[in-house]
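I set aside a quiet hour for this one and kept notes as I went. Here they are, in the order I looked things up.

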Amino acid sequence: MPKDAVPLIAISLNLSRAEVHGVLSFYHYFRKEPPGRHVVHVCRAEACQAVGAVELESHAKKTLGIEWHGSTPDGAITLEPVYCLGNCSLGPSLMVDDTLQGRVSPKRFDQLMAQLKEPAVGGA
Ligand code: FES
């Protein structure tokens with residue numbers, strides 16, 4: 001959502017700019033800048049936390065060098081938290097773009113991220 005769109009939205013919806021800004025800043029799915037080419041959602045809910053999600057979260061942030069809602073400098077990966085992916089019995093869980101992954105260890109995480117950074121077949 002470009003910054004310049006805020007006044008246009010406010011006028012269109014008969015709201016103040018502050019109200020529009022409040023909504024845009026509350027919901028993380030509204031972004032000021034485009035996400036990375038791949039979005040990785042890491043589950044932070046209780047069932048996954050009980051089986052290693054806290055460690056996975058730390059590992060993800062450390063190895064990617066970013067915090068929640070951040071993107072790697074090469075624009076390949078954006079890291080997002082999520083609170084349950086409905087895959088609780090197979091935690092720790094994460095979603096890579098539209099693909100659910102279960103029992104993700106730090107080693108498996110590294111493998112998945114390495115695949116995301118590979119250039120597409122036939123790409124430049
Ligand atoms: S608690 Fe992680 S998928 Fe449900």
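**Entry 1: helix H4**

I began with the length of helix H4 (residues 53-64): at 1.5 Å a residue, its 12 residues should span 16 Å, and the end C-alpha atoms are indeed 16 Å apart, so the two agree. A reminder to myself: this is a predicted model.

Next I asked which residues of H4 are buried. I found Ala 53, Leu 56, Glu 57, His 59, Ala 60, Lys 61 and Leu 64. What do the buried residues of H4 pack against? I listed strands S1 (38-43), S2 (77-82) and S3 (94-96), along with helices H3 (46-49) and H5 (106-117). Just after H4, I noted that Gly 65 has a positive phi of about 70°.

**Entry 2: the sheet**

I then traced the sheet, which is open, has 4 strands in the order S2-S1-S3-S4, and shows mixed pairing. Its edge strands are S2 and S4 (99-101), each pairing on one side only. I got an average twist of 25° from one strand to the next.

S1 and S3 run antiparallel and are joined by 3 bridges. Here I found His 41 opposite Met 95 in S3. Back to the helix: H4 packs on this sheet, touching S1, S2 and S3, and its direction makes about 160° with that of S2.

**Entry 3: salt bridges**

How many salt bridges does a search of the whole structure find? I counted 4. In one of them, the side chains of Glu 80 and Arg 31 meet at 3.0 Å, N to O. This pair links distant parts of the chain, with Glu 80 in strand S2 and Arg 31 in the loop between helix H2 (17-26) and S1, 49 residues apart. I checked both partners, and Glu 80 and Arg 31 are each buried.

Within H4, I saw the side chains of Glu 57 and Lys 61 meet in a salt bridge (3.2 Å, N to O). These two are 4 residues apart in the helix, so about one helical turn separates them. Glu 57 has a relative accessible area of 12%, so I marked it buried. Lys 61 also counts as buried, at 16% relative accessibility.

Lys 61 forms a salt bridge with Glu 67 as well, where the closest N and O atoms are 3.6 Å apart. Is Glu 67 buried or exposed? With a relative accessible area of 51%, Glu 67 is exposed. I drew the network of salt bridges that links Arg 44, Glu 57, Lys 61 and Glu 67.

**Entry 4: domains**

Last, I looked up the domain assignment, which gives domain 1 (1-32) and domain 2 (38-117). Their C-alpha centres lie 29 Å apart.

Terms used: Residues are numbered from 1 along each chain as its sequence is written. This is a predicted model: local features need pLDDT of at least 70, side-chain atom pairs count only at pLDDT 80 or more; totals for chains, interfaces and linings use all residues. Side-chain values use heavy atoms; hydrogens and water are left out. The expected span of a helix is 1.5 Å times one less than its number of residues. Buried means under 20% relative accessible area, exposed over 50%, partly exposed in between (1.4 Å probe, protein chains only). Contact means heavy atoms within 4.5 Å. Two strands pair if DSSP finds at least two bridges between them. Axes are lines fitted to C-alpha atoms, for helices over the stretch in contact, and angles run from 0 to 180 degrees between N-to-C directions. Domain bounds come from an automatic or database domain assignment.
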